[in-house]
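Reader: Before we begin, I would ask for a brief account of the surface and the pocket of this model.

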Amino acid sequence: MSDESKLYKEAMERIDELVEEVMQTCEEVADENHYERVWVLEKFRDRFNQAKRKQ
């Protein structure tokens, strides 16, 4: 495996971990505040997309 492939694989693994962390945080926010989990995830996605556009 080339250095570039190894680096890409490591980056994708970290991104997968980050996704899992965000999903868990959204679930915790939903549970703690008695919100629908789907609603929290949709609102997070909306805000994330807004933040991306501002960059």
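**Surface patch and pocket**

Author: In this predicted model, Met-12 is partly exposed, its relative accessible area being 33%. Met-12 has its place in helix H1.

Reader: Why does Ile-15 count as partly exposed?

Author: Ile-15 is a residue of helix H1. The class of partly exposed residues runs between the limits of 20% and 50% relative accessible area. Ile-15 falls in that class because its relative accessible area is 42%.

Reader: Which residues form the nonpolar patch on the surface, and what is their accessible area together?

Author: Residues enter a patch with over 30% relative accessible area, and Met-12 has 33%. The nonpolar patch consists of Tyr-8, Met-12, Ile-15, Val-19 and Met-23. Together, these residues have an accessible area of about 460 Å².

Reader: Which element gives the most residues to the lining of the largest pocket?

Author: The lining is made up of Ile-15, Leu-18, Val-19, Val-22, Met-23, Leu-41, Phe-44, Arg-45 and Phe-48. Two or more of the lining residues come from each of helix H1 (3–33) and helix H2 (37–54). With 5 residues, the one that gives the most is H1.

Reader: How many residues of each class, nonpolar, polar and charged, are in the lining of the largest pocket?

Author: The largest pocket has a volume of about 220 Å³. Arg counts as charged, and Arg-45 is among the lining residues. By class, the lining holds 8 nonpolar, no polar and 1 charged residues.

How values were computed. Residues are numbered from 1 along each chain as its sequence is written. This is a predicted model: local features need pLDDT of at least 70, side-chain atom pairs count only at pLDDT 80 or more; totals for chains, interfaces and linings use all residues. Side-chain values use heavy atoms; hydrogens and water are left out. On a 1 Å grid over the protein atoms alone, a cavity is a set of points where a 1.4 Å probe fits but cannot get out, and a pocket is an open set with protein on both sides within 12 Å along at least five of seven lines; lining residues have an atom within 4 Å of a point. Grid points are joined across faces, edges and corners, and a volume is the space filled by probe spheres set on the points. Helices (H or I, at least four residues) and strands (E, at least two) are DSSP runs, numbered from the N terminus. Patches are made of residues with over 30% relative accessible area and no salt bridge: like charges are joined within 9 Å, nonpolar side chains (Val, Leu, Ile, Met, Phe, Trp, Tyr) within 5 Å. Accessible areas come from the Shrake-Rupley method with a 1.4 Å probe; for residues, only the protein chains shown count as cover. A salt bridge is a side-chain nitrogen of Lys or Arg within 4 Å of a carboxyl oxygen of Asp or Glu. Buried means under 20% relative accessible area, exposed over 50%, partly exposed in between (1.4 Å probe, protein chains only).
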